[in-house]
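User: I'd like to go through this model piece by piece. Can we keep it quick?

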Amino acid sequence: MPSCRSCGAAAGALVLDLGEQAPCDLFPLVTDPGPDPVFPLRMWLCGSCGLAQLVEDPGTAEEPAGIEPRALTEQAADAVRALTEAGIVRPGATVAEYGSPHGGSWLPLLRAEGMRETGERADLVLDCFGLMHEPDQRAAMAARAERVAPGGALLMQFHSLASILAQEQWNALRHGHFAYYSAPAAVALAAPAGLRPGRSWTFPLYGGTVLLELRRDATPDAATDELLRREHAAGVTDPVRVAGLGHAAGAGARRLRDRLTDCAGSGRRVVGYGAASRAVALLRHAGIGPELLPEIVDISTAKHGRRMPASAIPIVGPDTLRGDLPDAVLLFVPDLLAEVRAAFPELAGHAEWILA
Ligand SMILES: [Zn+2]
């Protein structure tokens, strides 16, 4: 078994096993018959620091930056407003960003507030979903802490494990994402790098996203104390509670398969929407192929003419939703519901929405 990517401890528990999965950033051409390579996809919870983490990774290339969902850009604006009110974002201060390979930079917003980028130490070191992509969590946190100028702060944003548990978002687990932070595990990761928690903000993005302030001299404010207490109480460091994700995965996959089998049996045509990485594991775990889901719409033209990894489901353009209207749309990214509805008004009153 592994040793912890944060604290190095060897004791822990396997909490989620999604079996053999294709790298979710591999979208073969529809003409490529496969078989596609598959790798174990498993989550382990450290018994010492409580960090939930990816066990093994195929080491393949990251999914390229796609078109950002509106929910992501709106949250970035909300977060920058909160940081401006808190005095962390201010004109003339310097910023260094550790971005996510999926895109979503806050730099344009920060520049508009008068901040300056620097390659040196910065008043604000920003990590927005970047750190989770680092295999060596301890080293990556140390590198970020090193970039914090005297009196400065590291702002770390993560999709909280507490939200993943509360909403049974087991398919947040994917190759290339090495860590699934709770607030307590994030605090434990920051401590050896000399950083302590100060203020924190939570946003509804992905069902619960935390922005945590870390400084050399900080003390947690009341909201952060309460966040840590609430997440502990929710069982984020308890292997039995976190293993609930594994049970949810099995049940969720069976439910979706039954739903699509019903639709197929009654001759109702279902189209998928959003060939996102999270769809890959769900489809394979549920054993869903083109016989149950004949196509998946994605607005990224780079994916058209390709298919889902480890399944033969082709990825097509949005025109599919405008011509021969489907009876139902299976949405793999529930956050997109409002904007997909708005983009395809012709579906209203015709197609049912199924949220994966
Ligand atoms: Zn650990």
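Analyst: Two strands pair if DSSP finds at least two bridges between them. Helices (H or I, at least four residues) and strands (E, at least two) are DSSP runs, numbered from the N terminus.

User: And what sort of model is it?

Analyst: This is a predicted model, where local features need pLDDT of at least 70, side-chain atom pairs count only at pLDDT 80 or more, and totals for chains, interfaces and linings use all residues. Residues are numbered from 1 along each chain as its sequence is written, and side-chain values use heavy atoms, with hydrogens and water left out.

User: How do strand 14 and strand 15 pair?

Analyst: They pair in the parallel sense, over four bridges. Strand 15 covers residues 352-355. Within that pair, L330 stands opposite I354.

User: What does strand 14 make with helix 10 and strand 15?

Analyst: A right-handed β-α-β unit. Helix 10 spans residues 337-343. Right-handed means this: with the strands pointing away from the viewer, the path from the first strand over the helix to the second runs clockwise.

User: Which strand does strand 14 join through V270 and A328?

Analyst: Strand 11, residues 270-273, runs parallel to strand 14 and is joined to it by four bridges. V270 stands opposite A328 in strand 14.

User: Are the two faces of strand 14 covered or open?

Analyst: Both are covered. A328 and L330 are buried on one side, and V329 and L331 are buried on the other. Buried means under 20% relative accessible area, exposed over 50%, and partly exposed in between (1.4 Å probe, protein chains only). In a regular strand the side chains alternate between the two faces of the sheet.

User: What is the order of strands in that open sheet?

Analyst: Five strands, in the order 13-12-11-14-15, with parallel pairing. Strand 13 (315-316) and strand 15 stand at the edges. Each has a single partner strand, so one side of each is left without a neighbour in the sheet. Further in, strand 11 pairs with strand 12 (residues 296-297) over two bridges. There, G272 has I296 as its bridge partner.

User: Which open sheet has antiparallel pairing?

Analyst: One of four strands, in the order 1-2-3-8. Its edge strands are strand 1 and strand 8, each pairing on one side only. Strand 3 (residues 52-54) meets strand 8 in the antiparallel sense over two bridges. Q53 has A179 as its bridge partner.

User: Which helix packs on the sheet?

Analyst: Helix 8, residues 244-265. Helix 8 touches strand 1 and strand 2, where contact means heavy atoms within 4.5 Å. Its direction makes about 25 degrees with that of strand 1. Axes are lines fitted to C-alpha atoms, for helices over the stretch in contact, and angles run from 0 to 180 degrees between N-to-C directions.

User: New topic. How many residues are in the largest nonpolar core?

Analyst: It has 58. A nonpolar core is a set of buried Ala, Val, Leu, Ile, Met, Phe, Trp, Tyr and Cys residues joined through side-chain atoms within 4.5 Å. Those with the most contacts inside it are W106, L110, M141, L155 and Y181. A second, separate core has 47 residues, including L16, F178, L245 and A249.

User: What does W106 touch?

Analyst: Not counting residues up to four places away in sequence, its contacts include Q75, L83, L126 and Q157.

User: Where is Q75 found, and why does it count as buried?

Analyst: Q75 is found in helix 1, residues 70-85. Q75 counts as buried because its relative accessibility is 4%.

User: And L126? Which residue stands opposite it?

Analyst: L155, in strand 7. Strand 6 (residues 122-128) and strand 7 (residues 148-159) run parallel, joined by six bridges. Six of the seven residues in strand 6 are buried. Strand 6, helix 3 (residues 137-146) and strand 7 make a right-handed β-α-β unit.

User: Any odd backbone spots?

Analyst: Most residues other than glycine have a negative phi, and most peptide bonds are trans. Here, a cis peptide bond joins G34 and P35, with omega about 0 degrees. P35 lies in the loop between strand 1 (12-21) and strand 2 (39-46). E168 is not a glycine, yet has a positive phi of about 50 degrees.

User: Is E168 buried or partly exposed?

Analyst: Partly exposed, because its relative accessibility is 45%. Y206 also has a positive phi, near 60 degrees. Y206 is partly exposed, with a relative accessible area of 23%.
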